[in-house]
Amino acid sequence: MVKNIIEPVCANRRKFLAGTALVLATSWSGLRPAAAEDKAPVVLGFATGLSGAQAQYGRDNVKIGELFAEQMNSQGGIDGRKVSVVSGDTQDQPDIAISLARRLIREDGATALFGHGGSGLTLALSQALKSTKVPLLLSYIWGNSNTGPSLPSVYRIGPFNAYVATLMAKYLKQSPYKNIVILAEDTAYGTDFAKDLSGKVDAGLKVETIPFQAKIQDLSPVLGKLASGTQPDAIIVAGNYQIIYSLQNQIPAAGLKSQIIGAWDYPTTPEFWETAGKNGVGVIYATFTGPSVKLTATGEAFRASYAAKFGRDPLFYEYFLWDCLNALRKAVTDSKSVDPAVLTETLAKVSFEGTTGSIHFNQEEGAWNQALSGTLFMKQYTEVKQTDAAAKVVAEIAP
Amino acid sequence: MITRPRRTEAAAKPSGRVPVDLVATGLRVAYERDVEILRGVEITAAARRISLVIGPNGAGKSTFLKAVAGLAPVTGGLVTLGGVDITRWRPRDLLAHGVALVPQNGTLFPAMTVRENLQMGGWLRRREKAWLGESIEAVVNRFNLPRHLVDRRAGDLSGGQQKLVEIMRSMIMTPTTLLLDEPTAGLSPKMASQVYEQIAALPGDLGVTVLLVDQNVRSSLAISDDVYVLAMGLNNDRGTARDITERLGEITAGWLRQGVSGAVKS
Amino acid sequence: MRRPKSSPKSLLDMQTAVQTLILGTAIGGVYALMGVGLNLIFGVMRVANFAHGALYMIGGYAAYYLTLATGAPMPVAVIGAMVVGGCVGYFVNAILLRPVYRSRLERPSEFTLIVTFALSLMATSAAAVFLTPNYRKFEGMWPDTITLFGFVSMSGDRAVAFVTALILLCALLWLVHFTDLGRGWRALTQNRMGADIVGVDVFRLANLAFATSGALAAAAGAVLVPLYLAYPTMGESVIVKSFVIVVLGGLGSIAGSLVGGFLLGWAEALGSVYIGSGYTDIYGLVIMLVVLLFLPRGLFGISEREV
Ligand SMILES: Nc1ncnc2c1ncn2[C@@H]1O[C@H](COP(=O)(O)OP(=O)(O)OP(=O)(O)O)[C@@H](O)[C@H]1O
Ligand SMILES: [Mg+2]
């Protein structure tokens, strides 16, 4: 950076040395009186849905950000910088999300953004913010195209569609199900997942994808048709909205006896048992928490402080958010900067102890800026109101 | 003296009705700011008489009736009914005090039968089913409405038939003061003369005060007592029916010279 | 299923078609209930009530919390929700929309549009903040799966929702066609000035129309909680459908909305089974456009007289 500014000026060596001395002098005198609060702060930006269907996740994310800021500030900040949280409601709408994120960056000085929302919305957001170079750290967004070489500032810790689909295809191979239907919502998440999974399963399996509109309330006519044909052995539910909670009831009511498999661990969310009732028993779901996952010291500390604040253990993706926050911390301390471009570059090289293991970002085709981790657990509820911890582990699929 | 009584439905009952004058003084109306349609109209509909208002198209005759009936925005002046200030009352409250309007344009309920339309005329006394049934019978007989039309949809009637049903409906409203806006427009000459007969009989038979707006000047003059001439939102002339009949040629010639625009920028 | 293995393919196809129609009918009944309520207000007041979906949501939550707090059985919860929805509807009109009746507003329908739209946004966010955005459900009256004609499988709760909708639709038709109140509503719908001059109290009748419409929307929300769950944005999808039904059946026509509701139910069911499962919301819009192309006033639109 410094070099770029000086280069055109220094016609010869003497001028260059003088220039260097001058720059050093100014920067040194500028730095010396700077106490912790005079350094540019680290501002954690959360542009998430705070009012729509997924508002609970959004609010919990902001609270985790606040927990992180409290902890950092009590230890004297990050690199001597104060840490604060700014947040706003995307109302689940891409245009609102973009203008909100721009405001968080321009007016509130957000150092980095932490994403949580639909894959489509996040993709639009990433593209609109590309020129700002502000790092966007994703913890629980599964779209394949959410990271990639064309989005250098976007990093992700945690599973994503192609990764989950690879592991789930392995599971299906060893499972008894031969005739499978994927109910896929028409978002980047559902569509990608269905495509990845059907592309990865073994030739012997019959897989049919049935798309549906994400916010639809009723699938009974479609399920009815399914029931009157050859019934599938298993129905994989890949959606995000209200309908996935109704399906535990709509599927059997249509006369289907198929095994329900959640493509993600929505059965562990607080409303699952209230909405599914006794039909929740027997449901199988994919998750990344399981008995064999060992928390690191960082992870244990997070779990304890989270439990103290929320009165329950973190959900698995909340560990990933904590890892994202720590990734930013590492990038700031490594680079001693909050300049967005510097942070984006530094993040590619950081390596640190995450909540479940060591974390660094890969730069490879299909997993760009991606921290790969996690063993897939297929779990099944065996009785009403069972907790995730008590659910039966049907299969454990290592990457 | 002007008093403001409670507006009650009870007053609609014919009991204790006394014929009173309806007086408009300095009445002003503007639908839009700065565009006054009426600019201080003075008209008295004397009790148990037929007062006729005539004037060129756009003079403000219909607007005057609507303003009295609470359907046009009054910006100044006063309307009194037997000394009671009724300016800007809602149609419903006016009706409760016996003031009913038959507007110029169609106001029937097209998807209802003629009978239902007539029933709606008795809305304020809708609980008195027996009375309502008898009134409808009586009105149908008085106006010689062909029987088979009674259960037809009002929207399927001819324009003239609809107009007739509107007038019949206003009879069910049992008004003491009836405001009629071109009651015979679109009626055949035979039907029209029948309607004029009925109107002429109103003050004597039922003690009704009639305020009539009409383009059918010759026929309406024949049944009227007092006549007012409006032009461009102002009183232009007045007199007894006999007086105006004599000067009619001269008056209508004046309308042609003035043009027909009723709205005047103030 | 229990179907004999020997059923020929054409029979199976027939059964699928019948089953789809029956499910579409079951869905259409509640659609119709939402549509007639919205259209009642449209007819009586000539305004589009954008808070209709919010009333549906309020009904869903009212029933949920009633069951939660008192353990009341579902019929009581539905009646309770109707009372709440009716009161909310009544006061929205009597208080918030009062200026429409009491002063000469320049553009009453735009005023109403803005007020009801703002209200629905407020109600949705208030629900998200105070009731949390979590999905809620209470156990319906008949959670078992029932089988009609030996091959149509559906939840008993769906049958309950349908029968409730039918009962309420009949009650509304009776109210509109055989009572003085209904006669007044019809008069207002058909000729506003005519209603004015015969002495119809527009404000009172509009209040009652809002209350009735609110109660019907709340009932729809309440009976569907066991099937579709309660959540803050639950009204958003039904408001669009309600408008489609109103336009489809004809503005101001109660019978039209009734038919429109069932048509929408059938279009969605048949479309998603026979054309593509991913476009459910589009089928209703397509039917609406086709109908408007040939019948610009909708199926039963009555001739509108400007007054
Ligand atoms: N609702 C309204 N808004 C604005 N201007 C109006 C309205 N009604 C009438 N006017 C205007 O007021 C003026 C008088 O209209 P009005 O209907 O009172 O005339 P009229 O004397 O009854 O005419 P006609 O003999 O043609 O019935 C006209 O210029 C008309 O354009
Ligand atoms: Mg006129």
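Before you click anything, one cut-off: a residue counts as buried when its relative accessible area is under 20%, as exposed when that figure is over 50%, and as partly exposed in between. Keep in mind too that this is a predicted model.

**Stop 1: the magnesium ion**

Select ligand 2, the magnesium ion, and show what holds it. Two side-chain atoms from chain B coordinate the ion, OG of B:Ser62 and OE1 of B:Gln104, at 1.9 to 2.2 Å. Now colour chain B by element. B:Ser62 sits in helix α1 (residues 61-68), while B:Gln104 is in the loop between β6 (99-102) and α3, so the pair ties together parts of chain B that are 42 residues apart in sequence.

Are these two residues buried or exposed? B:Ser62 has 17% relative accessibility, so it counts as buried. B:Gln104 comes out at 40%, so that one is partly exposed.

**Stop 2: B:Leu211**

Stay in chain B and pick B:Leu211, which you'll find in strand β8 (residues 209-213). Its relative accessibility is 0%, so it counts as buried. What does B:Leu211 touch, leaving out residues up to four places away in sequence? Turn on its surroundings and you should see B:Leu22, B:Ile43, B:Ala45, B:Ser51, B:Val53, B:Phe64, B:Leu65, B:Leu178, B:Leu179 and B:Leu180. While you're there, draw a C-alpha to C-alpha line from B:Leu211 to B:Arg49: the two are 8.4 Å apart in space but 162 residues apart in sequence.

**Stop 3: where chain B meets chain C**

Zoom out and bring in chain C. This contact takes 30 residues from chain B and 22 residues from chain C. About 2400 Å² is buried between the two chains, with carbon and sulfur atoms giving 57% of that area.

Next, go for the charged pairs. There are four salt bridges across this interface. One of them to select is B:Arg90 with C:Asp201, where the closest N and O atoms are 3.7 Å apart. Polar contacts between chains B and C come to seven residue pairs, both partners being at pLDDT 80 or more. On the chain B side, the elements giving two or more residues are α2 (91-96), α3 (114-121) and α5 (159-172). Highlight α3(B) in particular, since α3(B) gives the most to this side, with four residues. Colour the chain B side by residue type and it divides into 16 nonpolar, seven polar and seven charged.

**Stop 4: where chain C meets chain A**

Which chains share the most contacts, of the two pairs in contact? That would be chains A and C. Select their interface: 38 residues come from chain C and 36 residues from chain A. The buried area here is about 3100 Å², and carbon and sulfur atoms give 49% of it.

Two salt bridges cross between chain C and chain A. Try C:Arg158 with A:Asp218, whose side chains meet at 2.8 Å, N to O. Then switch on polar contacts, where you have 21 residue pairs (both at pLDDT 80 or more) to look through. Several elements give two or more residues to the chain C side, among them α1 (9-45), β2 (152-155) and α9 (202-228). The one giving the most is α1(C), with six residues. By type, the chain C side divides into 20 nonpolar, 13 polar and five charged.

**Last stop: chains A and B**

Finally, hide chain C. Chain A and chain B do not touch, and their nearest C-alpha atoms are 37 Å apart.

Technical notes
Residues numbered from 1 in each chain as written. Chains lettered and ligands numbered in written order. Predicted model: local features only at pLDDT ≥ 70, side-chain atom pairs only at ≥ 80, totals over all residues. Heavy atoms only, no water. Contact = heavy atoms within 4.5 Å. Buried area = accessible area lost by both parts, 1.4 Å probe. Polar contact = N/O pair within 3.5 Å; in protein donor to acceptor, adjacent residues only side chain to side chain. Nonpolar A, V, L, I, M, F, W, Y, C, P; charged D, E, K, R; others polar. Donors = N, O, S within 2.8 Å, 3.2 Å for Na, K, Ca; no water. Buried < 20%, exposed > 50% of the residue type's maximum accessible area, 1.4 Å probe, protein only.
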